[in-house]
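This briefing introduces how the helices of one model pack together. Please view the sequence and the structure below before reading on.

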Amino acid sequence: MNFMRLENNFKNFNFETMDYKGLIFSLIGVFTLVCAYYEYEWFMNNRKVRFLSKILGRRSRARVFYIGLGILMITLGILGTFKVINLD
């Protein structure tokens, strides 16, 4: 990753050029992270999560997977918002 490019993007940031797809991506990541961390029943009983729990063997492993997925989505969303990466 080019850190000079990242630093320049933060310096030149304004709301007119902000990529809102990255912001939405980050919000979905926060939602996934919070739901997996607190292990909400309506989230963990979803058919897709149950399927993943069967594959991974235990419900806590699926929870760790979704926490990691949430962190990844937040990171990619932030980088996409500041146009370090392209989310198109």
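**Helix packing in a predicted model**

Helix H4 (residues 47-56) and helix H5 (residues 59-81) pack with their axes 8 Å apart, at an angle of about 115 degrees. Axes are lines fitted to C-alpha atoms, for helices over the stretch in contact, and angles run from 0 to 180 degrees between N-to-C directions. Helices are DSSP runs (H or I, at least four residues), numbered from the N terminus.

The model is predicted: local features need pLDDT of at least 70, side-chain atom pairs count only at pLDDT 80 or more, and totals for chains, interfaces and linings use all residues. Residues are numbered from 1 along each chain as its sequence is written, and side-chain values use heavy atoms, leaving out hydrogens and water.

**H4 and H5**
- On H4, Lys48, Val49, Leu52, Ser53 and Leu56 make the contact (heavy atoms within 4.5 Å).
- From H5, Arg59, Arg61, Ala62, Phe65 and Tyr66 take part.

**Helix H2**
- The 19 residues of H2 (residues 20-38) should span 27 Å at 1.5 Å a residue (1.5 Å times one less than the number of residues), which agrees with end C-alpha atoms 27 Å apart.
- Its buried residues (under 20% relative accessible area, 1.4 Å probe, protein chains only) are Gly22, Ser26, Gly29, Thr32, Cys35 and Ala36.
- Helix H3 (41-44) and H5 are among what covers these buried residues.
- Glu39, just after H2, takes a positive phi of about 55 degrees.

**H2 and H5**
- The axes of H2 and H5 come within 7 Å and cross at roughly 160 degrees.
- The two helices are therefore roughly antiparallel (over 145 degrees).

Definitions and conventions:
Buried < 20%, exposed > 50% of the residue type's maximum accessible area, 1.4 Å probe, protein only. Parallel < 35°, antiparallel > 145°, perpendicular 65-115°, else oblique.
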